[in-house]
Each structure stands twice: as C-alpha cells, then as structure tokens.
Amino acid sequence: MICNNSDIQNKIIDGRLIARNIESSISEKVIKLKQSGIVPAIAVILVGEDPASVVYVRNKERAAQRCGILSKKDIYPESLTEKELINKIEELNNDPLIHGILVQLPLPSHIGEKKITEAINPSKDVDGFHPLNVGKIFTENAPFYPCTPYGILKMLDYYDIPVKGKNCVIIGQSNIVGKPLAVMLMNRLAAVSSLNIFTKDVKSIASKADVLISATGKAHLIDDGYVKDGAVVIDVGIANIGGKICGDVNFDKVINKVSKITPVPGGVGPLTVAVLMENTVKSAMGRLQK
Ligand code: NAD
C-alpha cells in the first residue's frame, strides 16, 4: 500500500512537539525554583571548534533560554590540556550556583573522554554519563538517565507504544546511546537485541523487530529490507549529506512499512536536548531539598 500525505503525517513521531511539552513543564518548575531563590544553571564546556559540536552547544543554549535556565558557556581552544580541563570541571563541581555540567563530546584526541566523564561530580552529571550513574540504570535509581535513550522512552510513552514482551532491536552499541538504551528497555521487560558493526546478518535480525532503533551514524543504512511490516522505527543517526541533515533510515523507502517513525531532523534530537534541561532542573530541585 502506498501512503498518502495524511497517512505519512499519522505515522510521524513528532519529536519537536514532545520536546515543547517537556520544555513548558520545565519552565513552570523553573519559575517556582526562582521564587525560592534558586536559578537553575547549566555549564556547557566546548573544547575546539568541531562544527557539529558548535551547533549542538548552540541548540542547548537556546533550549536553556526558552526554559529560563541560566546557561554558562565555556569555550576553550583545542590546545587545552586534559589537566586544565579537569581543573575547570573541578571549579564547576565546587560552584554552588551551577547545577549541571556538560562537556560536549567528542573531545580532541589528547584528552581522555573517560577521565573527563569521571571528573564531573555525579550529582551534576546531567548528561548521565558518569559510571556511577550509568551503573544505577541497572537498579533503576539513577539521578539522571542519559538524555538520548531517556528521550526515546519518552517518545514511546507519548504515543502509547508498549515495549513489554516486544522484540526491540538496537543497531549501535555506544556508551551514550545503544548500551544504556538496551538496559532501559530491558527494565521495561522488552526482549532486546543489541547489534554492532561486527554482527552477522544485521538486516535479518532487524527485520524481525517490533521496535527498531538505529544509532550508527551511517546515512540511509536502513531500507525496507531491514523493517518488518508495522514496525516502529526510531532513527537516532545524524549525518550530513551535501549540507542536508539525514538519519540512518531511508525514510522514503520504509514509510510504507512502518506504523510509526521518527523523522531526521525533528525526531530524537529535540528530545535529547529537552531531557538535558529536565535533568538540570531536577538537579536544581535537589538543591532546594537540601
Ligand atoms: P558511535 O560511533 O559511538 O557508535 C556507533 C555504533 O554503531 C557502534 O556500536 C558501531 O559498531 C555501530 N555500527 C556502525 N555501523 C554499523 C552497521 N553497518 N551495522 C551495525 N552496527 C553498526 O555512535 P553514537 O555516539 O552512538 O552516535 C550514533 C549516531 O547517533 C551518530 O550519527 C550521532 O551523531 C547520532 N546521535 C544523535 C543524537 C540525537 O540526539 N539525535 C544523540 C547522540 C548521537
């Protein structure tokens, strides 16, 4: 069956709409915090001038502004040493007016991402990447869940898409998306397959998924051969082809088969940013309770 325009609209998971809803509820909490004398604040550190990172940092700053969150941007040259960066993070750890610290990845190759992630105080780790917080995903008591996987769960919830007992396939096993998402879906009693570049016959495994999530960064990897009829497809990938942003999924090739799909742009990306803001406000509210 070929979809018409209204069929396509009904299949779209509108990440911008869900993000707007989250941001408006954050804004209300921010007003209350400010009335109690707390201005929620996030520090965003950018090292170097990676063009994609510059755009991501700008998007985060704009979202913070929309929510009334103070955003402090620290930009350092590529030549910053690992020790210097750790010292900067330490200053922010000790600053009572900062509630969230985010170091934009990737970092220049002379700086170890693992060391930097571990340098952030877990109580200000609004990205949810600190190993202590990652471990707490298993026991479902993390103070902050990683933004992209948590944003994906929020999308599924918004559209009432259950995962309990469903066959969920995740292509991509990174520490920031694929691995934590696998555990978070297991926590919801899904049957989860986690695939990577060395997995044999990715297409055959993917084509049995009720919910297929792709996070590889390989533009248009996923065509109709990877998708079961009626599947929900979540496209995390971001690639730039000739100046145009696209995802892992070849939207036009799969749209007739899916029941729901995230577009790129306008799908997972806005949710990632909204959850970051939510985590920052959660951290600030924790201050209120102290
Ligand atoms: P990564 O590069 O760290 O990991 C990619 C993973 O995909 C690896 O596990 C790799 O083995 C796997 N992979 C690559 N090609 C594959 C293939 N052909 N078959 C099976 N597995 C394959 O990536 P990441 O940091 O998780 O990011 C993945 C993509 O998601 C990137 O495009 C990134 O820009 C995007 N991203 C988007 C958001 C968002 O908010 N929308 C957030 C984070 C990452």
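# Briefing: ligand contacts, sheet and local geometry

An oxygen atom of the ligand lies 2.8 Å from a polar backbone atom of Gln173. The structure is a predicted model. The protein is divided into domain 1, residues 38–121, and domain 2, residues 147–270. An open sheet of 5 strands, paired in the parallel sense, has the order S5-S4-S6-S7-S10.

**Ligand surroundings**

- There are 20 residues around the ligand, and those that come nearest are Gln173, Ser174, Lys218, Ile238 and Thr272.
- Besides the backbone contact of Gln173, a polar backbone atom of Ile197 is 3.0 Å from an oxygen atom of the ligand.
- Lys218 contributes through its side chain: a polar atom there lies 2.9 Å from a nitrogen atom of the ligand.

**Domain layout**

- Domain 1 spans 38–121 and domain 2 spans 147–270; their C-alpha centres lie 28 Å apart.
- The C-alpha atoms of Ile42 and Met155 are separated by 24 Å, with these positions 113 residues apart along the chain.

**The five-stranded sheet**

- The strand order is S5-S4-S6-S7-S10, the pairing is parallel, and the sheet is open.
- Strand S5 (191–195) and strand S10 stand at the edges with a single partner strand each, so one side of each has no neighbour in the sheet.
- Strand S6 (residues 211–214) pairs with S7 in the parallel sense over 4 bridges.
- Within this pairing, Ile213 stands opposite Ile234 of S7, and Leu212 has Val233 of S7 as its bridge partner.
- On the S10 side, S7 pairs in the parallel sense with residues 260–261 over 2 bridges, and Ile261 of S10 is the bridge partner of Val233.
- Helix H8 (residues 178–187) lies across strand S4 (167–171), S5 and S6, and runs at about 170° to S4.

**Side-chain directions in S7**

- In a regular strand, side chains alternate between the two faces of the sheet.
- Strand S7 (residues 232–235) has Val232 and Ile234 pointing one way and Val233 and Asp235 pointing the other way.
- All four of these residues, Asp235 included, are buried.

**Buried positions outside the sheet described above**

- Ile42 is found in strand S1 (residues 41–47).
- With a relative accessible area of 1%, Ile42 falls under the 20% limit and therefore counts as buried.
- Beyond residues up to four places away in sequence, Ile42 touches Ile69, Leu70, Ser71, Lys72, Gly100, Leu102, Val126, Leu276 and Thr280.
- His99 is located in the loop between helix H4 (82–93) and strand S3 (100–103).
- His99 is buried, at 3% relative accessible area.
- Leaving aside neighbours within four places in sequence, the contacts of His99 include Ile38, Val39, Pro40 and Ala41, as well as Ser123, Lys124 and Val126.
- The contacts of His99 also include Thr280, Ser283, Ala284 and Arg287.
- Val126 and Thr280 are thus among the contacts of Ile42 and among those of His99.
- Glu23, in helix H2 (residues 15–35), is buried with a relative accessible area of 8%.
- Apart from neighbours within four places in sequence, Glu23 is in contact with Ala63, Arg66 and Cys67.

**Backbone geometry in loops**

- Most residues other than glycine have a negative phi, and most peptide bonds are trans.
- The peptide bond from Leu105 to Pro106 is cis, with omega near 5°; Pro106 is placed in the loop between S3 and helix H5 (113–119).
- A cis peptide bond also links Val264 to Pro265, with omega near 0°; Pro265 lies in the loop between S10 and helix H11 (268–289).
- Glu140, a residue other than glycine, has a positive phi near 60° and lies in the loop between helix H6 (131–138) and helix H7 (147–158).
- Asp160 is likewise not a glycine and has a positive phi of about 55°; its place is in the loop between H7 and S4.
- The relative accessibility of Asp160 is 68%, which is over the 50% limit, so Asp160 counts as exposed.

Note on methods: Residues numbered from 1 in each chain as written. Predicted model: local features only at pLDDT ≥ 70, side-chain atom pairs only at ≥ 80, totals over all residues. Heavy atoms only, no water. Buried < 20%, exposed > 50% of the residue type's maximum accessible area, 1.4 Å probe, protein only. Pairing = 2+ DSSP bridges. Contact = heavy atoms within 4.5 Å. Axes fitted to C-alpha atoms, helices over the stretch in contact; angles between N-to-C directions. Domains from an automatic or database assignment. Near = heavy atom within 4 Å. Polar contact = N/O pair within 3.5 Å; in protein donor to acceptor, adjacent residues only side chain to side chain.
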